[in-house]
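Please open the model in a viewer and keep the selection panel at hand. The stops below proceed from the whole chain to individual side chains.

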Amino acid sequence: MSASVDKVLSLLPKYRKFGPGKWMAICPAHDDRHPSLSIREAEDGKVLMHCWAGCSVEQIVNALNLSMVDLFEDSARDFRGETSGVGSLRKSFDYRDALTGVSQEATAVMLIASEIIHSGSIKPHHYDRLRKAESLISDALAVAGGR
Ligand SMILES: [Zn+2]
């Protein structure tokens, strides 16, 4: 389980697992009697939430006292994959995959930026996340043969 999923579940009063990487919970954003919040862990560790009663993800995140960025906490990807050695790295480098990762990092950076605008300050773990985004994007460029 990713740290982001772990964090979200730990804040929910009542949830149960109903499959690998899937949970149902009492939605914290509306007066919920039957679990109507579905939570899923994406392949990259991101938390996907959907309230069947119609609450937005922002409302749920606010009710949990989290920010959107918390759902992305450890979605940062390692563009190097699992291969080792420069030769195999170069060969297995997938541009589409890397661009998807770069785009996700951009989203995370954008979410953190809006968080900073709202709160007027930056939290240390968000700053760390920004540094991680920067290093992952630099890594992607390095692996792609750039500098
Ligand atoms: Zn709801």
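**The whole chain**

Of the contacts in the protein between residues at least 6 apart in sequence, 50% join residues at least 24 apart, a contact being heavy atoms within 4.5 Å. This is a predicted model, in which local features need pLDDT of at least 70 and side-chain atom pairs count only at pLDDT 80 or more, while totals for chains, interfaces and linings use all residues. Residues are numbered from 1 along each chain as its sequence is written, and side-chain values use heavy atoms, with hydrogens and water left out.

Colour the model by secondary structure. The protein has 5 helices and 4 strands, in the order α-β-β-β-β-α-α-α-α along the sequence. Helices (H or I, at least four residues) and strands (E, at least two) are DSSP runs, numbered from the N terminus. Buried residues account for 37% of the 147 residues; buried means under 20% relative accessible area, exposed over 50%, and partly exposed in between, with a 1.4 Å probe and protein chains only.

**The sheet**

Select the strands next. They form an open sheet of 4 strands in the order β1-β2-β3-β4, with antiparallel pairing; two strands pair if DSSP finds at least two bridges between them. β1 (15–19) and β4 (47–51) are the edge strands, each with a single partner, so one side of each has no neighbour in the sheet. From one strand to the next the twist averages 25°; axes are lines fitted to C-alpha atoms, for helices over the stretch in contact, and angles run from 0 to 180 degrees between N-to-C directions.

Select β1 together with β2 (residues 22–25): 4 bridges join them in the antiparallel sense, and Arg16 stands opposite Met24 in β2. The hairpin of β1 and β2 has 2 residues between the strands, and Gly21 takes a positive phi near 70° there. Moving on to β2 and β3, one finds antiparallel pairing over 4 bridges, with Arg40 in β3 as the bridge partner of Lys22.

Now add helix α1 (residues 3–11). Helix α1 lies across β1, β2, β3 (37–41) and β4, and runs at about 35° to β4.

**The zinc ion**

Which protein atoms are the donors of the zinc ion? They are Cys27 (SG), His30 (ND1), Cys51 (SG) and Cys55 (SG), at 2.0 to 2.3 Å from the ion. Donors are N, O and S atoms within 2.8 Å of the metal (3.2 Å for Na, K and Ca); water is not among the atoms, so sites may look incomplete. The 4 donor atoms subtend angles of 101 to 118°, and the arrangement is therefore tetrahedral, a term that requires all angles between four donors to lie between 85 and 135 degrees. Along the chain the donors follow the spacing C-x2-H-x20-C-x3-C. Cys51 is buried, at 2% relative accessible area, and Cys55 is buried at 15%.

**Two residues in the helical part**

Select Asn65, in the loop between α2 (57–63) and α3 (86–92). Is Asn65 buried or exposed? With a relative accessible area of 72%, Asn65 is exposed. Its C-alpha atom is separated by 8.9 Å from that of Leu11, and the two residues are 54 apart along the chain.

Finally, select Arg129 in helix α5 (residues 124–143). Arg129 counts as buried, at 3% relative accessibility. The side chains of Arg129 and Glu105 are joined by a polar contact of 3.0 Å; a polar contact is a pair of N or O atoms within 3.5 Å, where within protein one must be able to donate a hydrogen and the other to accept it, and residues adjacent in sequence count only if both atoms are side-chain atoms.

Technical notes:
Tetrahedral: all angles 85-135°; square planar, octahedral: opposite > 155°, others 65-115°.
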